[in-house]
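Here are some worked exercises to try with the model open beside you. Have a go at each task before reading its solution.

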Amino acid sequence: MASVPFELKGKSVYVAGHRGMVGSALLRRLAREDVKLVTVDRREVDLCNQAQVFDWFARVRPQVVFLAAAKVGGIVANNTLRAEFIYDNIAIAANVIQAAHANGAEKLMFLGSSCIYPKLAAQPLREDAVLTGPLEPTNEPYAIAKIAGIKMAEAYRSQYGSDFISVMPTNLYGPGDNYHPELSHVVAALIRRFHEAKESGARSVVVWGTGTPRREFLYVDDMADACVHLMKTYSGSDLINIGTGEDIAIAEFARVVAEIVGYRGEISYDTSRPDGTPRKLLDVSRLDKLGWRATTSLREGLERAYEAYRATLLVPTQA
Ligand SMILES: NC(=O)c1ccc[n+]([C@@H]2O[C@H](COP(=O)([O-])OP(=O)(O)OC[C@H]3O[C@@H](n4cnc5c(N)ncnc54)[C@H](OP(=O)(O)O)[C@@H]3O)[C@@H](O)[C@H]2O)c1
């Protein structure tokens, strides 16, 4: 995988989804680059609205685009809001990619997700496993929309020569995560449940499933660093996985989260709940060859994530 240098210096860089967990980490990371950062509030430009997106791009003409806006959620959100997940994510990808092309963007990065890979693909998941088998049914609408985005980036590269690239992050966590009781991902859900159990003095916390599935987790500031690294060094139609290359059993992971939060009660498992796939780990050899590796340990990342969660509790909620 050859490195193709791209100069970010002095460019106008648009982060779509800048208020989200990944988008805000990208803003933190890009603040260290000599670039002109561009963002726009969702109340001004709804990325599902083609006319608003096209008008805004024609006026602002960003040179570089990180497409980190999406409708995102855990298994419950994905499985219940199926129409919203497919519609919003296809619309966002289609509008932003076409607008970037039509207005001469020099480079665009599309953020996919590890759930684009087939449910039964060999582990660790290699990038060329995409479209080789059926998807996990619970998040199929989201995955199909993400695959559409990847294929758009690829098609614009082949037809127009656009320097559009796609990256596939593993499970992310960190400041700015969604702590909604039903709609969150596993890390945010566990941080919240252990914290609330500690505060209320609860004796037991129930974790869904058997605790045996293995998952990979990447701290979001590492993810942002990887995105900037790839923006500066990678050009090609091949997908690039972004992860740590290491996984951990959910039971062990839950113990680490409980320890960091300071919850000392029992952790039990509700085995009537589905486990999902037994293992989900990305093959990160392409990323490794491109010269990037995660540097934040799981413990360090979780400590920072818990600190950020506690800070959210101090902010009064808006009516
Ligand atoms: N979180 C993960 O574990 C994970 C894993 C793999 C891949 N990813 C990918 O990383 C990207 C970012 O995820 P995230 O975790 O940062 O999600 P997030 O925290 O939910 O942020 C998503 C952002 O997209 C914006 N957005 C959504 N719909 C929009 C619309 N119609 N118009 C304008 N803005 C809109 C949201 O705006 P508001 O703030 O205004 O709502 C928010 O800022 C996504 O592409 C996701 O697929 C995430």
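**Exercise 1. A three-stranded sheet**

In which sense do strand β8 and β11 pair, and over how many bridges?

*Solution.* Bear in mind throughout that this is a predicted model. Start with the pair itself: β8 (residues 214–215) and β11 run antiparallel, joined by two bridges. Next, look for the partner of R215, which is I248 in β11. Now widen the view: the open sheet has three strands in the order β11-β8-β13, and its pairing is mixed. Finally, find the edges, which are β11 (248–249) and β13 (279–280), each paired on one side only.

**Exercise 2. A six-stranded sheet**

Work out the strand order of the open sheet of six strands, then look at what packs on it.

*Solution.* Reading across, the order is β2-β1-β3-β4-β5-β10, and the pairing is parallel. The edge strands are β2 (36–38) and β10 (240–242). From one strand to the next, the twist averages 20°. Zooming in, strand β3 (residues 64–67) and strand β4 (residues 107–111) are parallel and share four bridges. Here L67 faces F110 in β4. As a last step, add helix α5 (residues 140–160), which packs on the sheet and touches β4 and β5 (164–169). The direction of α5 makes about 155° with that of β5.

**Exercise 3. Comparing helix pairs**

Describe how α2 packs with α4, and how α6 packs with α8.

*Solution.* Two numbers are needed: packed helices are described by the angle between their axes and by the distance between those axes.

- Take helix α2 (residues 50–60) and α4: the angle is about 30° and the axes are 9 Å apart. Angles under 35 degrees count as roughly parallel, so α2 is roughly parallel to α4. The crossing is right-handed. Q50, V53, F54 and F57 of α2 meet N95, V96, A99 and A100 of α4. By class, this contact of α2 with α4 holds six nonpolar, two polar and no charged residues.
- Turn to helix α6 (residues 186–200) and helix α8 (residues 250–261): their axes are 9 Å apart, at an angle of about 45°. This pair is therefore oblique. The crossing of α6 and α8 is right-handed. On the α6 side the contact uses L190, I191, F194, H195 and K198, and on the α8 side A254, V257, A258 and V261. Sorting these gives seven nonpolar, one polar and one charged.

**Exercise 4. From a helix contact to the ligand**

Which residues of α1 and α7 make their contact, and which helix gives the largest share of the shell around the ligand?

*Solution.* First set the geometry: α1 and helix α7 (residues 220–233) have axes that come within 8 Å and cross at roughly 65°. This crossing is right-handed. The contact joins M21, V22, A25, L26, R28, R29 and L30 of α1 to V220, D221, M223, A224, D225, C227 and V228 of α7. Its residues divide into 10 nonpolar, no polar and four charged.

Now move to the ligand, which 24 residues surround, the closest being G17, G20, V22, L47 and A70. Three elements, α1 (21–30), α4 (82–102) and β6 (171–173), supply at least two shell residues each. The largest share, three residues, comes from α1. By class, the shell has 12 nonpolar, seven polar and five charged residues. V22 links both halves of this exercise: V22 belongs to the contact of α1 with α7, and V22 is also among the closest residues to the ligand.

Technical notes:
Residues numbered from 1 in each chain as written. Predicted model: local features only at pLDDT ≥ 70, side-chain atom pairs only at ≥ 80, totals over all residues. Near = placed C-beta within 6 Å. Nonpolar A, V, L, I, M, F, W, Y, C, P; charged D, E, K, R; others polar. Axes fitted to C-alpha atoms, helices over the stretch in contact; angles between N-to-C directions. Parallel < 35°, antiparallel > 145°, perpendicular 65-115°, else oblique. Left-handed = near helix turned anticlockwise from the far one by under 90°. Contact = placed C-beta atoms within 7 Å. Pairing = 2+ DSSP bridges.
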